[in-house]
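Visitor: Please explain how the terms used for this model follow from its computed values. I should like each value set against its definition.

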Amino acid sequence: MKSWITYFLPDDEYKEKQILFFITEAAILHIFSIILMLILTVFLEFFKAETILLISCVIFLIYVTARYILSGIEYSDITTEKAFKKERRAILLKTSVFVSFSLIILGIITIFNVSVLFANEDDWMAFIGLLISASILMFGANYISLKRSYRKNKELL
């Protein structure tokens, strides 16, 4: 009998096992961070309950994501320099498509003059800054994962 979580996990047994380890580690870290923040709240009255929950959830998500990226298990079929360069171009293309679609959406918003979203010029700059930051983060995470996977796969051969 399968659990509902198995629908979100990859079919590869090794990847599945590693991701479950990462989630377990993050859950333990999550519990300790909540306990630590609750203790700090009792003595220092520094955090509100909402802040504690938000910070601990962010820690959980960042931990699992970082462990997955740095583990080198994403690109298990990249073993040659040619395959590495091909996948690097694909990552660059995915990032370019993301930026292009975001700019198209921005154009549509501009055409329909949705002033609720962008009341002044600072809002436009914030959106462009967010887009650039998300693109750099997306490319960086995928490239680091690719590089780690390539290095790990080369060592296994």
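**Terms and values**

Visitor: Why is Glu 25 called partly exposed?

Guide: Glu 25 has a relative accessible area of 30%. Buried means under 20%, exposed over 50% and partly exposed in between (1.4 Å probe, protein chains only), so Glu 25 is partly exposed. The model is predicted, so local features need pLDDT of at least 70 and side-chain atom pairs pLDDT 80 or more, whereas totals for chains, interfaces and linings use all residues. Residues are numbered from 1 along each chain as its sequence is written, and side-chain values use heavy atoms, without hydrogens or water.

Visitor: What makes Arg 67 and Glu 25 a salt bridge?

Guide: A side-chain nitrogen of Lys or Arg must lie within 4 Å of a carboxyl oxygen of Asp or Glu. In the pair Arg 67 and Glu 25, the N to O distance is 3.1 Å, which meets that limit. The two residues are 42 apart in the chain, with Arg 67 in helix H2 and Glu 25 in helix H1. Arg 67, like its partner, falls into the partly exposed class, because its relative accessible area is 33%. The count by this rule comes to one salt bridge.

Visitor: Why does Lys 15 have no salt bridge?

Guide: Lys and Arg count as positive, Asp and Glu as negative; His and the chain ends are not counted. In general, side chains of opposite charge can pair when their charged atoms come close. For Lys 15, the nearest side chain of opposite charge is Glu 74, 5.0 Å away. Lys 15 lies in helix H1 and is buried. Beyond four places in sequence, Lys 15 is in contact (heavy atoms within 4.5 Å) with Pro 10, Ile 73, Glu 74 and Ser 76.

Visitor: How do you know that the length of helix H1 agrees with expectation?

Guide: Helices are DSSP runs (H or I, at least four residues), numbered from the N terminus. The expected span is 1.5 Å times one less than the number of residues. H1 (residues 13-44) has 32 residues and should therefore span 46 Å, and its end C-alpha atoms are 46 Å apart. For the 23 residues of H2, the expected span is 33 Å and the end C-alpha atoms are 33 Å apart, so this helix agrees as well.

Visitor: Which helix do the buried residues of H1 pack against, and what follows each of these helices?

Guide: The buried residues of H1 pack against helix H2 (49-71). In H1 they include Ile 19, Phe 22, Ala 26 and Ile 34; in H2 the buried residues are Ile 52, Ser 56, Val 64, Ile 69 and Ser 71. After H1 comes Glu 45, with a positive phi near 50 degrees. After H2 comes Gly 72, whose phi is positive too, near 75 degrees.

Visitor: Why are Phe 139 and Tyr 143 called stacked?

Guide: Rings of Phe, Tyr and Trp (its six-membered ring) pair if their centres lie within 6.5 Å; planes under 30 degrees apart are stacked, over 60 edge-to-face and the rest tilted. A search of the whole structure finds four aromatic pairs. In the pair Phe 139 and Tyr 143, the ring centres are 5.9 Å apart and the planes stand at 15 degrees, so the pair is stacked. Both residues lie in helix H4 (residues 121-156), four residues apart, about one turn of the helix. Ring pairs link them with Phe 84 and Tyr 150 into a cluster. Phe 139 counts as partly exposed because its relative accessibility is 27%, and Tyr 143 because its value is 24%.

Visitor: How do you know whether Ser 149 is buried or exposed?

Guide: The relative accessibility of Ser 149 is 0%, so this residue counts as buried. Ser 149 is in helix H4. Leaving out residues up to four places away in sequence, Ser 149 touches Gly 72, Ile 73, Glu 74, Tyr 75 and Ile 78.

Visitor: What makes Lys 94 partly exposed?

Guide: Lys 94, in helix H3 (residues 81-111), has a relative accessible area of 44% and is therefore partly exposed. Apart from neighbours within four places in sequence, Lys 94 is in contact with Glu 87 and Met 138. The C-alpha atoms of Lys 94 and Ser 135 are separated by 9.7 Å, although the residues are 41 apart along the chain.
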